[in-house]
Amino acid sequence: AATSLSPASRHAPAAPAAAAAAAAGGNMHEQQFDAVLVCNGHYSEPQLPQLPLAAGWPGVLLHSHSYRSAERFKGQHVAVVGASFSGRDIARLVAERAARVYLCAREWKTQQQLDAGRG
């Protein structure tokens, strides 16, 4: 799961607008993103994670509840956090416009598990 957001290096003009650090198998790594979409399943009251520096981050931080169109992500590097129904659906739509999409999740469910209501 993403643990922080920070501005990208100003010395790399072609670099995306921000970076998210995540733990993968106990190892930390950093990836650059223009936008982060949070798809954590709370539709009526969106809950965005409290990430350090998120308030000053120049990129897009959006909950799936507020997602309307993939057009705003054209040519961007986008992280979609949450791999259940809304996360998978939005990742597929954004991938049609974005330069690259990363689908991020704490755990992965098969389509059968999601369809059976365990997602």
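Which residues have the most contacts inside the largest nonpolar core? Keep that in mind as you open the viewer; this is a predicted model.

**Stop 1: the core.** Select Leu-37, Tyr-67, Phe-73, Val-78, Val-80, Ile-90 and Val-94: these have the most contacts inside the largest nonpolar core, which has 13 residues. Now colour by element. Two or more core residues come from each of β4 (35–38), β6 (77–81) and α1 (85–95). The largest share, three residues, belongs to α1. As background, nonpolar side chains in soluble globular proteins tend to be buried together.

**Stop 2: Val-80.** Centre on Val-80 and show what surrounds it. Setting aside neighbours within four places in sequence, Val-80 is in contact with Leu-37, Cys-39, Gly-87, Ala-91, Val-101, Tyr-102, Leu-103 and Cys-104. Then look for another core, which lies apart and has five residues, including Phe-33, Val-38, Trp-57 and Ala-79.

**Stop 3: β4.** Go to β4 and show its side chains. In a regular strand, side chains alternate between the two faces of the sheet. Here Ala-35 and Leu-37 sit on one side, with Val-36 and Val-38 on the other, and all are buried, so both faces of β4 are covered.

**Stop 4: the partners of β4.** Bring up β5 (residues 60–63): β4 pairs with this strand in the parallel sense, over four bridges. Pick Leu-37 here and you'll find Leu-62 as its bridge partner in β5. Next, switch to β6, where the pairing with β4 is also parallel and runs over four bridges. This time pick Val-38, whose bridge partner in β6 is Val-81.

**Stop 5: the whole sheet.** Zoom out to see an open sheet of four strands with parallel pairing, in the order β5-β4-β6-β7. At the edges are β5 and β7 (100–104), each pairing on one side only. Tilt the view to look at the twist, which averages 15° from one strand to the next.

**Stop 6: β6 and β7.** How many bridges join β6 to β7? There are five, and the two strands run parallel. For a landmark, select Val-78 and look across to Val-101 in β7, which stands opposite.

**Last stop: α1 on the sheet.** Show α1 together with the strands. This helix packs on the sheet and touches β4, β6 and β7. Line up α1 with β7 and compare directions: the angle is about 170°. With α1 still selected, bring back the core from the start: α1 supplies three residues, the largest share.

Definitions and conventions
Residues numbered from 1 in each chain as written. Predicted model: local features only at pLDDT ≥ 70, side-chain atom pairs only at ≥ 80, totals over all residues. Heavy atoms only, no water. Core = buried A, V, L, I, M, F, W, Y, C linked by side-chain atoms within 4.5 Å. Buried < 20%, exposed > 50% of the residue type's maximum accessible area, 1.4 Å probe, protein only. Contact = heavy atoms within 4.5 Å. Pairing = 2+ DSSP bridges. Axes fitted to C-alpha atoms, helices over the stretch in contact; angles between N-to-C directions.
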